[in-house]
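Hi there,

Here is the structure I promised to pass on, with some notes below it. Have it open while you read.

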Amino acid sequence: MEKEKIEEKIESLLSSMSLDEKVAQLKARSISISKVIGKLLLEDFFSELRPELKEKIMGFIFNFYSNRELAEGMTKTLWRKMWKEVVLEGVEKKYPIGELSCALRSMSPRESAQFANEIQKYVLENSRVKIPILIHDEALHGCMAKGSTIFPQAIGMASTWNPELIYQVVTAIGKETRSRGIHQVLSPTINIARDPRCGRTEETYGEDPYLASRMAVAYIKGVQEQGVISTPKHFVANFVGDGGRDSYPIHFSERLLREIYFPAFRASIEEAGALSLMAAYNSLDGIPCSSNKWLLTRILRKEWGFKGYVVSDYFSVLHLMTKHKVAESKAEAAKLSLEAGLDMELPDSDCFEEIPGLIRESKLSQDTLDEAVRRVLRVKFWIGLFDNPFVDPDYAERINDCSEHRELALRVARESIVLLKNEGILPLNKDIRSIAVIGPNAAVPRLGGYSGYGVKVVTPLEGIKNKLGDKVKVYFAEGCGLNDTSKSGFDEAIKIAQKSDVAILFMGNSVPETEGEQRDRHNLNLPGVQEDLIKEICNTNTPVIVVLINGSAITMMNWIDKVQAVIEAWYPGEEGGNAIADVLFGDYNPGGKLPISFPKYSSQLPLYYNHKPSGRVDDYVDLRGNQYLFPFGYGLSYTDFKYSNLRITPEEIPRDGEVVITFDIENIGKYKGDEVVQLYLHDEFASVARPIKELKRFERVTLDVGERKTVSFKLNRRDLEFLSMDMELVVEPGRFEVLIGSSSEDIRLKGFFIVK
């Protein structure tokens, strides 16, 4: 439908809608075990408690239902029994609600599609204004619903440094999501992870704004081309509070926000055309992001031209009253957020219930309400929801976790794996006689936060057995629990290591036990007694390979010199076990690169590659020299690559000119492999201090043995701009150093060009 006709239809709808019908479009509804039980307890038994205590009770109830299969099964039953109570509002139940929160998560693809159709049919047949309902869920690395394909976690996808591949992944995610009747995903997470102590680092694309931007654009385009609204989050700077704490208050300058924390969001709007956006929990310079007019109106809409609608993070409008204490009532919280530019309250609309009263008492303008409703309706039209709100259950059953998508999950898992250390032990020979598989992450699925369920997940132990069959003796012992203090399992692990040719230790973390949302850490060492187990196995003199399954940086100074190899596998998705086995035994040559810096010690944090020059030194009196255990962009291969023949054309350009940077890369080793070539720039002298280097381009290149390829990058004015002392984007004359390398620290070629 043409945009002009859409606007006409929106205005026609608005003119026919009552106040309550308009407000209903800005509201969401959910049904959950915690909500149903919590409502009973808090309204009947604990109604007089303070809001803070009520919130603690709700948190207890939420954590009590930790058995996912049980919780989702009960939630499915609740939705089936109660859905008609929430999809329409009003005394006569004639107002269609704007959105449903995670209504279909607990159902199989076919059930989901059938239920979604039932909901839409009922709403259209029984409401006065025929407006279909949006249904949202999460899709960080696959639709978070039963039976959807589970891809590697976001931090793993970032480690591919392959936006073209990620576009294919999210196209698959979009197809699966829409097929089930879900129209919006609260993804991707594009917060910059400069402090990996934050438990949600796993959800991000790492520490660099350019890499995050490329991944964000790929994600949003892939999903939205399938008719699914993408909601990048959390706006803004949500994961970098003091001490690495998620949602902690932020006190950043506008310069820092614009240089580091805005670019991925800006690219999401200006390049990818994101149709929605989520405001963050944290406050920014004392103003909560959910009621921050500078963020949600001036920057987002007036400066970047955002035309979609803004949703709250779950309960964040209520948090204006209960946490940030900037509102004394739900009505005041609703007024603050709506006037700032937030359009829809998720997952339930506690505070937005007060909007009709605010309008009637002239405390909130009708124009503010109407504009928010326009934004929601506009997006519903844009994704074709009015034209066809129904889906095909047969297609949903056929497309979700189909063989093609499982193969794609395997491919991205392979490309996400980063080889951190190899003393020549890898790849392993398949003729090896015996292997000891050890560790708390060897024989259980570790998928990371916001994961789907209900599909076959290949564990590392299964992957190794799939690879070797009956030809090799594979022993297994857990050795220790993930976060336990007990060493009672050490003896069994030592015994199998002693009788094996190699020991492969699967160590790391898991969500929510040791990291994830509301699971920030002060220490990046392996949890529990995992490090002690590594050292004990090393004492057997059997060669040791450590495979990390986790979502953030790990500090390894206590054991890294004792082991022969280290692999970072992240949370590798449903085909992760097979992908890890492919890498271990040489059927796939790892080529992933780190999207975050790994420190030597947690006390160095925050630590990131693109810092500005120090007024003193970059090291410590008790930690001299190189500060990184592994730097940003780092990753080894089973083969070797030679960089040569750097050409920069022209060597002088005007301020609005373009420069082409070309060089050759050759595989001079013994294996076919991938190399991620990285281009960094350094503005040598400027009126404002500039980073020591900044990533500007990259490309993942696949080369056969002996093959050479010419790589070419073009830079333009936008790559050279920075914020002047007056906060204006400028390009100053001077010399720019060009750094080409295999990581931010492994620079192979250097050159320069001059801006006149």
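Let's start at Ile-537 in this predicted model. Not counting neighbours within four places in sequence, Ile-537 is in contact with Ile-438, Ala-493, Ile-494, Ala-497, Ala-503, Leu-505, Thr-542 and Val-544.

Ile-537 also belongs to the largest nonpolar core, which has 155 residues. Ile-537 is listed there among the residues with the most contacts inside the core, together with Phe-235, Val-236, Ile-438, Met-556 and Phe-598. Helix H10 (residues 209–224) supplies the largest share of this core, eight residues. At least three residues come from each of domain 2 (415–627) and domain 3 (641–755). There is a second, separate core too: it has 33 residues, including Val-474, Ile-545, Val-547 and Ile-580.

Back to H10 and its partner. Helix H9 (residues 163–179) packs with H10 at an angle of about 30°, and their axes are 7 Å apart. The crossing of the two helices H9 and H10 is right-handed. If you want to look at the contact itself, the H9 side consists of Pro-163, Ile-166, Tyr-167, Val-170, Thr-171 and Gly-174. These meet Arg-214, Met-215, Ala-218, Tyr-219, Lys-221, Gly-222 and Val-223 in H10.

One last stretch to look at: the unreviewed UniProt entry annotates residues 675–744 as "domain: Fibronectin type III-like". In the model, the chain over residues 675–744 is 56% strand and 6% helix, and the end C-alpha atoms of this stretch are 14 Å apart.

Happy browsing, and best wishes!

Methods
Residues are numbered from 1 along each chain as its sequence is written. This is a predicted model: local features need pLDDT of at least 70, side-chain atom pairs count only at pLDDT 80 or more; totals for chains, interfaces and linings use all residues. Side-chain values use heavy atoms; hydrogens and water are left out. A nonpolar core is a set of buried Ala, Val, Leu, Ile, Met, Phe, Trp, Tyr and Cys residues joined through side-chain atoms within 4.5 Å. Buried means under 20% relative accessible area, exposed over 50%, partly exposed in between (1.4 Å probe, protein chains only). Helices (H or I, at least four residues) and strands (E, at least two) are DSSP runs, numbered from the N terminus. Domain bounds come from an automatic or database domain assignment. Contact means heavy atoms within 4.5 Å. UniProt positions are given in the numbering used here, feature names are shortened, and annotations may be inferred rather than shown by experiment. Axes are lines fitted to C-alpha atoms, for helices over the stretch in contact, and angles run from 0 to 180 degrees between N-to-C directions. A crossing is left-handed if the near helix is turned anticlockwise from the far one by less than a right angle, and right-handed if clockwise.
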